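Work through the exercises below with the model open. Each task is followed by its solution.

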Amino acid sequence: MTIKQELEGDWNTIAGNVKEKYGQITDDELRQVEGKADQLIGLIQRRTGQTREQVAAYVDSLCQGECSATERVSQLAREYAESTSQAVQEGYHQVADRARQGYEQTADAVAHRPMESVIAALSIGLITGIAIGISIGAAHRPEPTWRDRWTR
């Protein structure tokens, strides 16, 4: 038997297929049973005279066709997520390898030239501190208003 969520999720498609096969069923009748499998089966059975088993099999086949399409979309989404996850992991490993290489090169440079490394680090720190101090301490003039610009 069909699951209620399946019927509700694909109701427009299922209703279109029911109307196509059973033209004597109206839109109003389909709106009254919208999303309710048992009521849909009863409606089709009353209007067509078919057995409940025949109608239930037809409704199940509609839901199975829709569900297989839904399952295919879900499968494609999972495959995409897996491939994206693999790409992110590969990118992470590349970045980690480059960072490790940079650290090793820096450690090697400091080990071979300790005085030059200390002087370079102090110089960079001093220049950065001066730049930050100038940007913080600079007098900021307020932006003139439209009235000030107009009177000039």
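**Exercise 1: the faces of a helix**

Find the exposed residues on the face of α2 turned away from its buried side.

Solution. That face carries Asn12 and Glu20. Exposed means over 50% relative accessible area, buried under 20%, partly exposed in between (1.4 Å probe, protein chains only). Now take the other side: the buried residues of α2 (residues 11–21) are Trp11, Ile14, Ala15 and Val18. Down the axis of α2 they fall within an arc of 100°, so they line one face. The arc is taken over directions from the helix axis to the C-beta atoms. Helices here are DSSP runs (H or I, at least four residues), numbered from the N terminus.

The model is predicted: local features need pLDDT of at least 70, side-chain atom pairs 80 or more, while totals for chains, interfaces and linings use all residues. Residues are numbered from 1 along each chain as its sequence is written, and side-chain values use heavy atoms, without hydrogens and water.

**Exercise 2: helix length**

Check the span of α4 (residues 37–48).

Solution. The expected span is 1.5 Å times one less than the number of residues. For 12 residues that should be 16 Å; the end C-alpha atoms are 16 Å apart, which agrees. Next comes Gly49, with a positive phi near 80°.

**Exercise 3: contacts**

Which residues does Leu30 touch, leaving aside neighbours within four places in sequence?

Solution. Contact means heavy atoms within 4.5 Å. Leu30 meets Trp11, Ala15, Val18, Lys19, Ile25, Leu40 and Leu43.

Technical notes
Helices (H or I, at least four residues) and strands (E, at least two) are DSSP runs, numbered from the N terminus.
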